[in-house]
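Okay, thanks for coming, everyone. I've got one structure to walk you through today, so let me put it up.

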Amino acid sequence: QVRLVESGGGLVQAGGSLRLSCAASGSIASISTMAWHRQAPGKQRELVASITSSNSTNYADSVKARFTISRDNAWNMMYLQMNSLKPEDTAVYYCYAERYRSGYQFEYWGQGTLVTVSS
């Protein structure tokens, strides 16, 4: 099992910055990928950014050049630095992790942290 706890959300004005953190615990050594997803009111959950065990990163087009995902080497912590925030970035942001064991994929989600960007 992997437990994920997000922090760092809050209210910020457009153009401002926030840094989200995700603390992972449990069977973290076998994590292969972690990611940030978000869900805005009335919309489907979408991938924001992901990072692999080889530190390969991927970003949604809407956040490229504004957001940066990073992690520590042991998968204890993952971060999302969000700059030049826009009102359309308002959403609940979820930490996600996946791991493989005995040929099976396991997925884990945090409880989410709310980011509100005012215009």
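Here's a question to start with: which residue forms a salt bridge with Arg66? Before I answer, keep in mind that what you're looking at is a predicted model.

Right, so the partner is Asp89, and the closest N and O atoms of that pair are 2.8 Å apart. Arg66 sits in the loop between strand 6 and strand 7, and Asp89 in the loop between strand 8 and strand 9, so this pair ties together parts of the chain that are 23 residues apart in sequence. And both of them, Arg66 and Asp89, are buried.

Let's stay with the charges. Searching the whole structure turns up 4 salt bridges. Another one is between the side chains of Glu46 and Arg38, at 2.7 Å from N to O. Arg38 is buried there, because its relative accessibility is just 6%, while Glu46, with a relative accessible area of 35%, is partly exposed. Now, Arg38, Glu46, Arg66 and Asp89 are in fact linked in a network of salt bridges.

Then there's Asp61 with Lys64, whose side chains meet in a salt bridge of 3.1 Å, N to O. Asp61 counts as exposed, at 66% relative accessibility. Lys64 comes in at 45%, and that makes it partly exposed.

So what about a charged residue with no salt bridge? Have a look at Glu98, in strand 9, which runs over residues 91–101. Glu98 is buried and yet has no salt bridge. Where is the nearest side chain of opposite charge? That's Arg99, and it's 11 Å away. In general, side chains of opposite charge can pair when their charged atoms come close. The cut-off used here is 4 Å between a side-chain nitrogen and a carboxyl oxygen, so at 11 Å Arg99 doesn't qualify as a partner for Glu98.

What Glu98 does have is a polar contact: its side chain and that of Gln105 are joined at 3.0 Å. If you skip the neighbours within four places in sequence, Glu98 is in contact with Ser30, Ile31, Ser32 and Thr33, and also with Gln105, Phe106 and Glu107.

On to the core. The largest nonpolar core has 32 residues, and the ones with the most contacts inside it are Leu4, Met34, Trp36, Leu80, Met82 and Tyr93. Several strands each supply at least two residues of this core, among them strand 1 (2–7), strand 4 (31–39), strand 8 (77–82) and strand 11 (113–118).

Take Met34 from that list. Not counting residues up to four places away in sequence, Met34 touches a whole set of side players, including Leu4, Ala24, Ile51, Ile69, Met78 and Tyr96. Cys22, Cys95 and Trp75 are also among the residues Met34 touches, and I want to come back to those three.

First the cysteines. How many disulfides are there? The count comes to 1. The disulfide is formed by Cys22 and Cys95, with their sulfur atoms 2.0 Å apart. The angle about the S-S bond is -75 degrees, which makes the link left-handed. Cys22 lies in strand 3 and Cys95 in strand 9, so the pair ties together parts that are 73 residues apart in sequence. Buried or exposed? Both cysteines are buried.

Now Trp75, in the loop between strand 7 and strand 8. Trp75 has a phi near 65 degrees, which is a positive value in a residue other than glycine. As a reminder, most residues other than glycine have a negative phi. Trp75 counts as buried, because its relative accessibility is 4%.

Asn55 has a positive phi too, near 65 degrees, and again that's not a glycine. You'll find Asn55 in the loop between strand 5 and strand 6 (57–59). At 43% relative accessibility, Asn55 is partly exposed.

One last stop, and it takes us back to Arg66. How far is the C-alpha atom of Gly8 from that of Arg66? The separation is 17 Å, with their positions 58 residues apart along the chain. Gly8 is in the loop between strand 1 and strand 2 (10–13), and it's partly exposed, at 35% relative accessibility. Leaving out residues up to four places away in sequence, Gly8 touches Leu18, Arg19, Leu20 and Thr113.

That's my tour. Over to you.

Methods: Residues are numbered from 1 along each chain as its sequence is written. This is a predicted model: local features need pLDDT of at least 70, side-chain atom pairs count only at pLDDT 80 or more; totals for chains, interfaces and linings use all residues. Side-chain values use heavy atoms; hydrogens and water are left out. Helices (H or I, at least four residues) and strands (E, at least two) are DSSP runs, numbered from the N terminus. Buried means under 20% relative accessible area, exposed over 50%, partly exposed in between (1.4 Å probe, protein chains only). Lys and Arg count as positive and Asp and Glu as negative; His and the chain ends are not counted. A polar contact is a pair of N or O atoms within 3.5 Å; within protein, one must be able to donate a hydrogen and the other to accept it, and residues adjacent in sequence count only if both atoms are side-chain atoms. Contact means heavy atoms within 4.5 Å. A nonpolar core is a set of buried Ala, Val, Leu, Ile, Met, Phe, Trp, Tyr and Cys residues joined through side-chain atoms within 4.5 Å. A disulfide is a pair of cysteine sulfur atoms within 2.5 Å.
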